[in-house]
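Open your viewer, switch to a cartoon view and keep the selection tool handy. We will walk through the fold one stop at a time.

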Amino acid sequence: MLIRYKRNFEKIAMGLLSFMPQEKDIKILQKTITEYEQNPDYHLYLWKEVDAMIGVIGLQKMGEQNKMMIKHLAVDPSHRYQGIGKKMVQEIKKLYKDEHTICASDDIENFFLKCSEEEA
């Protein structure tokens, strides 16, 4: 299930975000978390199953186009290939379906398109 990011999830969120290649550097990771905490156009969610947070998905509102772009998407390596990433994308689409169109950044585009093809 998707859970909206809260400050007390900071270490968990940073750990999950660090699985993304562009977020390996600690300074970049700290800047990313700060952006999600302070910028109202950035939204971060964690994916919880049973008692563990195992995924993270982050979005950015794109100006006045009513678009939300998925900027970050990561799943704990021990839970990959189980459809968690796809579930996160589907839940985000449901969450924002009445307000925004969901798209993906270049880093996530291929995965996003694959998820969309499988829905059809």
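Start by selecting strands β2 (residues 42-49) and β3, which run antiparallel and are joined by 8 bridges. Keep in mind as you go that this is a predicted model. To see one of the pairings, show Tyr45 and its bridge partner in β3, Ile57. Now follow the chain round the turn: β2 and β3 make a hairpin with 2 residues between them, and Val50 in that turn has a positive phi of about 55 degrees.

Next, colour β3 itself, residues 52-62. How many of its 11 residues are buried? The count is 8, so the strand is mostly covered.

Move on to β4, residues 67-75, which pairs with β3 in the antiparallel sense over 8 bridges. Here you can pick out Gly55 and its bridge partner in β4, Val75. The hairpin of β3 and β4 has 4 residues between the strands, and Gly63 takes a positive phi near 50 degrees there.

Now zoom out to the whole sheet. Its 5 strands form an open sheet in the order β1-β2-β3-β4-β5, with mixed pairing. At the edges stand β1 (2-4) and β5 (101-104); each has a single partner strand, so one side of each is left without a neighbour in the sheet. Look along the sheet and you will find neighbouring strands turned by 35 degrees against each other on average, direction ignored.

For the parallel part of the pairing, select β4 and β5, which are linked in that sense over 4 bridges. Lys67 has Thr101 in β5 as its bridge partner. While you are here, add helix α3 (residues 84-96): it packs on the sheet and touches β1, β2, β3, β4 and β5, its direction making about 130 degrees with that of β2.

The next stop is helix α1. It lies across β2, β3 and β4, running at about 80 degrees to β3. Within α1 (residues 10-17), show Ala13, Met14, Leu16 and Leu17, which are buried. These residues cover an arc of only 165 degrees around the axis, which puts them on the same side of α1. What covers the buried residues of α1 includes α2 (26-38), β2, β3 and β4.

Finish with the cysteines. Why does the structure hold 0 disulfides? Select Cys103 and Cys115: the sulfur of Cys103 is 14 Å from the closest cysteine sulfur, in Cys115, too far for a bond. Their surroundings are worth a look too: Cys103 counts as partly exposed at 22% relative accessibility, whereas Cys115 is buried, with a relative accessible area of 1%.

How values were computed:
Residues numbered from 1 in each chain as written. Predicted model: local features only at pLDDT ≥ 70, side-chain atom pairs only at ≥ 80, totals over all residues. Heavy atoms only, no water. Disulfide = S-S within 2.5 Å. Buried < 20%, exposed > 50% of the residue type's maximum accessible area, 1.4 Å probe, protein only. Pairing = 2+ DSSP bridges. Arc of directions from axis to C-beta. Contact = heavy atoms within 4.5 Å. Axes fitted to C-alpha atoms, helices over the stretch in contact; angles between N-to-C directions.
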